[in-house]
Number of protein chains: 2
Amino acid sequence: MNEDELPRVLQQLWGIEGRSRPGPKPAFHISDIARAAIKLADAGGLGAVSMSKVAAELGFTTMSLYRYVDAKDDLYVVMLEHAFDVPPTLDPALGWRDRITAWAEAFRDGLRRHPWILQVPVQDPPLSPNQLAWMESGLEAFDGTPLTPQDRLSAMLLVNIYVRGTAQLTANMRTEPDAVQEADQLYTQRLAALATPDRFPGIAATLEQPPDEGYAGDFDAGEFAFGLNTVLDGIQSRIDTAAG
Amino acid sequence: MNEDELPRVLQQLWGIEGRSRPGPKPAFHISDIARAAIKLADAGGLGAVSMSKVAAELGFTTMSLYRYVDAKDDLYVVMLEHAFDVPPTLDPALGWRDRITAWAEAFRDGLRRHPWILQVPVQDPPLSPNQLAWMESGLEAFDGTPLTPQDRLSAMLLVNIYVRGTAQLTANMRTEPDAVQEADQLYTQRLAALATPDRFPGIAATLEQPPDEGYAGDFDAGEFAFGLNTVLDGIQSRIDTAAG
DNA sequence: CGCACACTGTGTGCGCCATACACAGACCAT
DNA sequence: ATGGTCTGTGTATGGCGCACACAGTGTGCG
């Protein structure tokens with residue numbers, strides 16, 4: 001039925017068994033491809049991932065990868081699928097707020113471990129097992145609330161978007177982690193030079209009163225939690241109206 | 001001082017005058033490059049933008065572009081700078097909520113007009129004039145609230161993230177707009193086949209009760225406003241505690 | 001007034017990329 | 001055992017970003 005329609009990579013990721021077939025046995029598995037590609041991306045960003053580099057990492061030729069993956073985009077799919085750990089198991093004794101917070105922090109940890117994830121061009125919504133498990137986990141955080149399934153989806157997506165967005169701000173997408181702080185400093189310096197108080201009073205006001213801590217643009221755990229709570233307060237108001 | 005340090009593209013965008021110099025006069029301006037590149041991206045997505053294609057569009061050779069732009073990344077900068085209209089002028093008589101809503105909708109309109117914006121790999125925070133004008137406009141939406149400049153920045157970024165994130169969900173990054181609805185239908189169909197109620201009860205519940213309207217995954221204006229209000233409710237609670 | 005030289009757009013070329021295609025060998029169902 | 005199918009490989013193509021050398025241009029200075 002839909003097996004034929006499902007892209008080959010998704011079939012592989014879901015472990016749909018290929019009947020025993022003639023021909024040589026495959027020399028490796030897509031998970032090997034994922035591991036090699038993730039290693040390259042962790043070291044040098046997503047730009048360091050090419051078919052030939054991944055193949056060389058595995059000790060095979062470039063074209064051999066195409067026996068497992070239809071195109072480069074499929075490589076991204078398997079990378080994303082394997083880059084994340086299993087989603088956290090949420091304590092049902094906790095309230096929705098603690099649960100979704102734990103989920104958001106786990107998600108953020110995944111993004112911090114593999115910053116290249118934010119560079120992956122996404123054009124199709126997720127259908128792979130672990131990605132769906134994360135979706136499910138995020139939805140279940142709202143068990144016990146009066147929110148409808150649609151509302152839960154919206155709320156989960158809102159948190160998802162928040163985590164991605166803030167991670168994007170933090171990450172700076174630098175390959176060399178040392179350069180991040182320096183880049184932040186250079187940025188605020190240039191911003192101060194360009195955003196003059198007469199034309200950009202709001203920006204200038206932000207710069208006048210620098211943040212409490214050391215680095216300017218970095219987004220530490222406290223700020224993350226603070227912004228997340230703002231989002232959760234919004235969801236709380238949704239819950240209130242749904243309950244009332 | 002910092003003129004030397006500022007990247008050439010930013011100097012051009014800010015209109016920093018080059019003294020009258022020897023040599024032939026430039027045959028065009030970066031804004032011409034932006035216009036040509038945006039035309040290509042609107043038609044065929046960001047992937048359709050290459051140095052050679054842009055140059056051909058202008059009737060010049062590929063390498064001529066490098067007299068105006070140091071690298072491909074700079075091309076993205078000028079594209080982003082010119083893709084957005086001037087930010088909306090916000091009616092000071094309105095409340096912060098109406099103002100930031102107008103700002104968010106204008107931002108969303110820009111993203112809808114040029115969906116490729118979401119594909120642009122961002123590695124540096126914005127420093128170009130119009131981008132800063134949008135920042136400033138978003139910050140000024142909170143004039144009159146008790147929020148500190150830092151809080152206003154956070155709030156504006158939160159809305160910014162929300163708009164980007166939801167636009168990402170909607171856009172589907174398809175070059176052919178006709179295929180969007182079809183892709184959505186195919187997605188829910190596959191999701192229903194893979195997310196079985198036993199293993200993914202939350203996802204299944206979402207699918208059981210399809211959204212009120214016609215298309216499933218599309219994100220219409222109502223949903224956008226609804227989610228935005230959730231975010232704004234969260235900001236409201238920040239304002240309440242700041243005022244109290 | 002003329003000339004030196006900085007700056008223009010051009011042509012060529014390099015290395016890397018994704019991937020199409022033909023092929024020789026490996027292996028299972030029969 | 002053998003046919004057919006699947007494996008990994010080698011080769012080739014078209015596109016990309018961009019480095020570099022070059023010939024012509026026009027301005028500021030002598």
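Visitor: How many residues of chain A are in contact with chain B, and how many on the other side?
Guide: In this predicted model, 47 residues of chain A touch 48 residues of chain B.

Visitor: OK, which elements of chain A give two or more residues to that side?
Guide: Those are helix 6 (129-140), helix 7 (149-171), helix 8 (179-194), helix 9 (201-208) and helix 10 (221-243) of chain A.

Visitor: And which one gives the most?
Guide: Helix 7 of chain A, with 11 residues on the side that touches chain B.

Visitor: How does that side of chain A divide into nonpolar, polar and charged?
Guide: You get 27 nonpolar, 14 polar and 6 charged residues on the side of chain A that touches chain B.

Visitor: Let's zoom in on one helix pair. At what angle do helix 9 of chain A and helix 6 of chain B pack?
Guide: The angle is about 80°, and the axes of helix 9 of chain A and helix 6 of chain B are 7 Å apart. Since angles of 65 to 115 degrees count as roughly perpendicular, helix 9 of chain A is roughly perpendicular to helix 6 of chain B.

Visitor: Which residues meet there?
Guide: From helix 9 of chain A, you have Gly202(A), Ile203(A) and Thr206(A); across from them in helix 6 of chain B are Leu132(B), Met135(B), Glu136(B), Leu139(B) and Glu140(B). By class, that contact has 4 nonpolar, 2 polar and 2 charged residues.

Visitor: Sticking with helix 6 of chain B, which residues are buried?
Guide: Leu132(B), Trp134(B), Met135(B), Glu136(B), Ser137(B), Gly138(B), Leu139(B) and Glu140(B) are buried in that helix.

Visitor: What span should its 12 residues have?
Guide: At 1.5 Å a residue, helix 6 of chain B should span 16 Å, and its end C-alpha atoms are 16 Å apart, so the two agree.

Visitor: Switching to the DNA. Which residues come closest to strand C?
Guide: Pro22(A), Ser50(A), Gly23(B), Ala27(B) and Met63(B) are the closest of the 25 residues that surround DNA strand C.

Visitor: What gives the most to that surface?
Guide: Helix 3 (residues 51-58) of chain A, with 3 residues. The surface near DNA strand C has 12 nonpolar, 8 polar and 5 charged residues.

Visitor: Now strand D: which residues come nearest?
Guide: There, Pro22(A), Gly23(A), Ala27(A), Ser20(B) and Pro22(B) come nearest, out of 25 residues around DNA strand D.

Visitor: And where does the largest share of the surface near strand D come from?
Guide: From helix 3 (residues 51-58) of chain B, which gives 3 residues. The residues near DNA strand D divide into 12 nonpolar, 8 polar and 5 charged.

How values were computed:
Residues numbered from 1 in each chain as written. Chains lettered and ligands numbered in written order. Predicted model: local features only at pLDDT ≥ 70, side-chain atom pairs only at ≥ 80, totals over all residues. Near = placed C-beta within 6 Å. Helix = DSSP H or I, 4+ residues; strand = E, 2+ residues; numbered from the N terminus. Nonpolar A, V, L, I, M, F, W, Y, C, P; charged D, E, K, R; others polar. Contact = placed C-beta atoms within 7 Å. Axes fitted to C-alpha atoms, helices over the stretch in contact; angles between N-to-C directions. Parallel < 35°, antiparallel > 145°, perpendicular 65-115°, else oblique. Expected span 1.5 Å × (residues − 1). Buried ≥ 20, exposed ≤ 12 C-beta atoms within 10 Å, placed from the backbone.
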